[in-house]
Amino acid sequence: MVTPTAALGLIVAVLAGSAAIGVWYSRGQVGSVEDLITARGSIGERRMTGTLVASVMGVWILFSAPEAGASFGIAAVVGYAVGEAVPMLAYARIGPRIRQLIPEGHSLTEYAHVRYGTAMYAFILVVSALYMFVFVAAELTGIAGALSLVAGVPQWQTAVLVGGIVLLYTGYGGLTASIVTDTVQILLVIPLLVATFIAVLVTVGGVVPVYNGVTAANPALLDLGFIPGLQFGLALSFAILGAELINQTWWQRVYAGESDDVVRRGFRTASVTNGALVFLAALFGIVAVGSTDIVTDVTSAGYNADVALFVLLEKAFPEPVVLGVTLLALLLVVSSVDTLFNALASLVAVDLARLTAANDRRLRLASRLFTVAVALAAVYVSLRARSVLRLFFFADLLGAAVAFPLLYGLYSESVTGHGALASSIGGLAVGLVYFPDLRSALAAVPVIGDALPAVDPLYLTSFAGAFCISTALTLVTARLSSSAFDLDGLAGEIGRIDDDPAEAAD
């Protein structure tokens, strides 16, 4: 297997290469905070597609996607793929709408503040920032755990190297650096993922031995009508859709596109590509079940479905395959972490510009300092916490509850801030009632604990309930409302941060 020294050398080489590309390309292009956080109108269709695919493809596809395949089979594999494809399709329509209504905008939080007021804005800010922070922490946890398992690299070394070097080039080049490195990384990720899958199949003897092995271990995994698999796949679809719709990452890229057509086509192409890549990654889990000893009972001390791909690697795979997966994992984590650092920095810059009289230089400094703080906190969480996955599910639940009320305001003049907030809280309450990870805490509440229904261990009732109830409540409150918000007024309320050239040059 890969030695710690070789793995560390690979880490440094990949990170140094990404940093060099990001710094070189963005040199001289970041003259204001606008350039740092939006790269407005700067990318064509190919780079748009590349950055959309790279940004969503984190190292999680080597963990949770195979875990879904190993635990719930082909039905969950299809559900996971659809869940990753649908948000991109949604943004193919929402993106041009955002550009039309708020041509000089930056973030979903500034939109929430103007459209819905302070209370809904605060709720959206917490939900979006929490989701992205957890995503960063989960990515660092995943890559640190993978390299520790495969090569024996201490987790702190991996987390510090990845977090620190990515922070350096994103702090310097902002979104421009992130987009260009995304484009290069995805050109490597797709061939590596396909090559790894082919190498795994060849090593285990081909499709027939895998099929026979899965049939012997658990034939339900090959059944498209396997009910638990369908339920879990559908739950993932609701969770991913809700989370991605409140992800600041996509708002940045909506503005980075050269035109509405570029945004529309880029998101459509990314939808197909993302779905295909997740489908392929999830198949690793089924291959693992048919080729080695995978324990899918979550109550068992030997549960290892969450690292099914790496259990495969430990089965005396050739070192080139191990190195390929290690490189793939590094590229995946870098492509998502740099994106999330930029998205979090943009939230700070936009809100500080609205709340203070800080000039352009101070806004850029504040954005960079905040990103440093986030990086340090994410590294700490990645080394200490064992419950990041549960926190991730909770963040997904928040997204499922708030996504429709937030975005419906782009189309309806009658939905109000109070209505949107009440709808979000109503959906969240329903989701929490069935949410298994918080059952013990809710059960301890007097009166409420005794009235709680049975939890749904597959999360479908929780995520679908949060999304559907908040959607229904939003439509009802909008129908009953007598208010009429002027959507055309959004453009007048939300403008560029560097409108004053003298201030931008300060």
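**Exercise 1.** In which loop is the place of Tyr 459? Locate this residue in the predicted model, and then describe its backbone and its burial.

*Solution.* Begin with the secondary structure: Tyr 459 sits in the loop between α19 (448-451) and α20 (460-480). Next, turn to the backbone, where the phi of Tyr 459 is near 70°, a positive value in a residue other than glycine. For context, most residues other than glycine have a negative phi. Finally, consider burial: the relative accessible area of Tyr 459 is 10%, and buried means under 20%, so Tyr 459 counts as buried.

**Exercise 2.** Find the loop that holds Ala 39, and decide whether this residue is buried or exposed.

*Solution.* The first step places Ala 39 in the loop between α2 (33-37) and α3 (45-56). The second step concerns the backbone, since the phi of Ala 39 is near 50°, which is again a positive value in a residue other than glycine. The third step uses the relative accessibility of Ala 39, which is 6%; because the cut-off for buried is under 20%, Ala 39 is classed as buried.

**Exercise 3.** Identify the residues of the nonpolar patch on the surface, name the helix that gives the most to it, and classify Val 82 by its accessibility.

*Solution.* The patch is formed by Val 78, Val 82, Val 86, Leu 224 and Phe 279, which together have about 370 Å² of accessible area. Helix α5 (residues 74-101) makes the greatest contribution to this patch, with 3 residues. Val 82 lies in helix α5, and its relative accessible area is 42%. Because this value falls between the limits of 20% and 50%, Val 82 is partly exposed.

Note on methods:
Residues are numbered from 1 along each chain as its sequence is written. This is a predicted model: local features need pLDDT of at least 70, side-chain atom pairs count only at pLDDT 80 or more; totals for chains, interfaces and linings use all residues. Side-chain values use heavy atoms; hydrogens and water are left out. Patches are made of residues with over 30% relative accessible area and no salt bridge: like charges are joined within 9 Å, nonpolar side chains (Val, Leu, Ile, Met, Phe, Trp, Tyr) within 5 Å. Accessible areas come from the Shrake-Rupley method with a 1.4 Å probe; for residues, only the protein chains shown count as cover. A salt bridge is a side-chain nitrogen of Lys or Arg within 4 Å of a carboxyl oxygen of Asp or Glu. Helices (H or I, at least four residues) and strands (E, at least two) are DSSP runs, numbered from the N terminus. Buried means under 20% relative accessible area, exposed over 50%, partly exposed in between (1.4 Å probe, protein chains only).
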